[in-house]
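The following note was prepared for a colleague who asked for a reading of the ligand site and the pockets. The points are numbered for ease of reply.

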Amino acid sequence: MRLRNIPGSREAIAESEFVIHDEESCKGKWREIFGNDNPVYIEIGMGKGTFIMECARRNPDINYIGIEKYSSVLLRALEKREQEPDLKNLYFIRMEAEYIENVFEKDEVDSIYLNFSDPWPKDRNAKRRLTSDRFLKRYTGVLKKDGVITFKTDNIDLFDFSVETAKECGWEILAETRDLHHSEYNEGNIMTEYEKKFSGLGHKINMMKIKQPS
Ligand code: SAH
């Protein structure tokens, strides 16, 4: 998702109390920052933040961090976040996910959500996909033992690639469906912005849940 550059978005983000600004100095200290020992769940590429905000509302005993690389997109999430200042379990970070191991210690993250990640359809860009082997390795560097990744997409090619890559890298497939909304896994499903849009157009939603190699 790329919105046109919104003048002032960097400044608005810099001033927000809901955005972590010095994320690399938070490595190993996330539970201190949230002020409790609750699990930490992150969404990488949260877009406008609808999904992670609803997660935070429904699960006050889980700490959430939404990661997004573009200021113009993060600003949209922030506008919604600011209307709910009482949500204590949600922060945002503007960063490129490649550097995730600089921000979280091994074992510091309990679960990762990847929702409608950019497909990068050309082979030469495969390493940029958030479910590529390079990224899976980075996730292993922050996830706790038995940590789980949940991935949703309407893009069949990206889904096939992701299932294959996960298997090749030794991850255990805990759940896999090519039609989430008509599957046993749909109960409690929180729709993302892209999910609403694409399922509204008749696209089936693919979902996998994978556990890292022990
Ligand atoms: N998760 C949202 C948005 C999906 S679009 C939804 O399902 O509705 C994918 C989002 O991921 C975009 O906002 C894009 O800017 C962000 N993104 C893509 N690659 C990223 C990366 N490497 N690091 C951080 N954010 C990324």
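How far is a nitrogen atom of the ligand from an N or O atom in the side chain of Glu-96?

1. The separation is 2.9 Å. It should be stated at the outset that this is a predicted model, and the remarks below are to be read accordingly.

2. Two other side chains make polar contacts with the ligand. Glu-43 places a polar side-chain atom 3.2 Å from a ligand nitrogen. In the case of Thr-192, an N or O atom of the side chain lies 2.8 Å from an oxygen atom of the ligand. Of the 570 Å² of accessible area that the ligand has on its own, the protein covers 98%.

3. The shell around the ligand comprises 19 residues, and the closest of them are Gly-45, Glu-68, Glu-96, Thr-192 and Tyr-194. By class, this shell contains nine nonpolar, four polar and six charged residues.

4. Thr-192 also has a role in the local backbone arrangement. This residue caps the N-terminal end of helix 7, with a side-chain oxygen 3.3 Å from the backbone nitrogen of Tyr-194. Thr-192 and Tyr-194 are both among the residues closest to the ligand. Just after helix 7, Gly-202 adopts a positive phi of about 95°.

5. Where does the ligand sit with respect to the pockets? The ligand takes up the space of the largest pocket, which holds about 600 Å³. This pocket is lined by 32 residues, and those closest to its centre are Gly-45, Glu-68, Lys-69, Asp-118 and Leu-130. Two or more lining residues come from each of strand 1 (40-44), helix 3 (50-58), strand 2 (63-68), helix 5 (133-140) and helix 7 (193-200). The lining divides into 13 nonpolar, seven polar and 12 charged residues.

6. The second largest pocket contains about 240 Å³ of space. Its lining consists of 15 residues, with Tyr-113, Thr-150, Gly-188, Asn-189 and Lys-209 closest to the centre. Helix 3, strand 5 (143-153) and strand 7 (206-211) each contribute at least two residues to that lining. Eight of the lining residues are nonpolar, four are polar and three are charged.

7. One element deserves attention when the two pockets are considered together. Helix 3 gives two or more residues to the lining of the largest pocket, and helix 3 likewise supplies at least two residues of the lining of the second largest pocket.

Note on methods:
Residues are numbered from 1 along each chain as its sequence is written. This is a predicted model: local features need pLDDT of at least 70, side-chain atom pairs count only at pLDDT 80 or more; totals for chains, interfaces and linings use all residues. Side-chain values use heavy atoms; hydrogens and water are left out. A residue is near a molecule or strand if one of its heavy atoms lies within 4 Å of it. A polar contact is a pair of N or O atoms within 3.5 Å; within protein, one must be able to donate a hydrogen and the other to accept it, and residues adjacent in sequence count only if both atoms are side-chain atoms. Accessible areas come from the Shrake-Rupley method with a 1.4 Å probe; for residues, only the protein chains shown count as cover. On a 1 Å grid over the protein atoms alone, a cavity is a set of points where a 1.4 Å probe fits but cannot get out, and a pocket is an open set with protein on both sides within 12 Å along at least five of seven lines; lining residues have an atom within 4 Å of a point. A molecule sits in a cavity or pocket if more than half of its atoms lie within 2 Å of its grid points. Ala, Val, Leu, Ile, Met, Phe, Trp, Tyr, Cys and Pro count as nonpolar, Asp, Glu, Lys and Arg as charged, and the others, Gly among them, as polar. Grid points are joined across faces, edges and corners, and a volume is the space filled by probe spheres set on the points. Helices (H or I, at least four residues) and strands (E, at least two) are DSSP runs, numbered from the N terminus.
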